[in-house]
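Okay, quick one from me today. Have a look at the screen and I'll talk you through the fold, a bond and a couple of residues.

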Amino acid sequence: MNFKSIFILIAFLFALNASAMHHEKSYKFSDCDGKVANYYVSKLISGGTIEGFLEAIKMHQDYYSSRGSEAKVVPLIQYKRSETDDEEIFRVSSMVIYPNLKERTDWISRDDFTEKDTEEFSAFIDIYNKNTEITARRLVCIPE
């Protein structure tokens, strides 16, 4: 091999290595490449019911849908996993899943909500609050 061939080979290998380093995947929420969600971990409160929780979920979904959002409000009813697969409800949660980070960002930065929007929002929040208590709020990335 002559000097020129060795130089080209070394330059090629360096370029491959540099290229590989620039494609390291970021796992920051702001770099999420997929669906994103607001995740609300909750528990039923004394006197709260699953029916009330599900009513709030439906109203929550209707709120997004009627305003043109593609967000999906998903209820989660969680059970303890045990040797006998307990039937008792452990916790209830919900996820508001957006198609992507941009849609979520656009939605939460809107400043055109009307008094009617605020009233409808408060109506389903009141039903949530009569049935559940939020114990944690999380952001979720659902990679594609």
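So, strand 1, residues 34–44, pairs with strand 4 in the antiparallel sense, over 11 bridges. By pairing I mean that DSSP finds at least two bridges between the two strands. The helices and strands are DSSP runs too, numbered from the N terminus: H or I with at least four residues for a helix, E with at least two for a strand. As one example from that pair, G34 has P143 in strand 4 as its bridge partner.

Before going on, the ground rules. This is a predicted model, where local features need pLDDT of at least 70, side-chain atom pairs count only at pLDDT 80 or more, and totals for chains, interfaces and linings use all residues. Numbering starts from 1 along each chain as its sequence is written, and side-chain values use heavy atoms, with hydrogens and water left out.

How confident is the predictor? pLDDT is its confidence in each residue, from 0 to 100, and the chain has a mean of 88, with 84% of its residues at 70 or more. Confidence is lowest in helix 1, residues 3–22, at a mean of 56, and highest in helix 2, at 98.

Back to the sheet. It's an open one of four strands, order 2-3-1-4, with antiparallel pairing. Strand 2 and strand 4 (132–143) are the edges, each pairing on one side only. On average, neighbouring strands are turned by 20° against each other, direction ignored; axes here are lines fitted to C-alpha atoms, for helices over the stretch in contact, and angles run from 0 to 180 degrees between N-to-C directions. Helix 2 packs on this sheet and touches strand 1, strand 2, strand 3 (89–98) and strand 4, with its direction at about 160° to that of strand 2. Contact means heavy atoms within 4.5 Å. Then helix 3, residues 101–108, lies across strand 1, strand 3 and strand 4, at about 60° to strand 1.

Strand 3 has two partners to mention. Seven bridges join strand 1 to strand 3, running antiparallel, and V41 stands opposite S93 there. Strand 2 and strand 3 pair antiparallel over eight bridges, with Y79 opposite I89. Strand 3 is also mostly covered, with seven of its 10 residues buried. Buried is under 20% relative accessible area, exposed is over 50%, and partly exposed is in between, using a 1.4 Å probe and protein chains only.

Now, which cysteines form a disulfide? C32 and C141, with their sulfur atoms 2.1 Å apart; the cut-off is a pair of cysteine sulfur atoms within 2.5 Å. The torsion about the S-S bond is about 85°, so this disulfide is right-handed. C32 sits in the loop between helix 1 and strand 1, and C141 in strand 4, so the pair ties together parts 109 residues apart in sequence. C32 is buried at 12%, while C141 is partly exposed at 34%.

Last, two residues. S42, in strand 1, is buried at a relative accessible area of 4%. Leaving out residues up to four places away in sequence, S42 touches R91, V92, S93, T132, E133, I134 and T135.

And R67: buried or exposed? Buried, at 18%, even though R67 lies in the loop between helix 2 (50–66) and strand 2 (72–79). With that same sequence cut, R67 touches W107, R110, K116, D117 and E120.

Terms used: pLDDT = per-residue confidence, 0-100.
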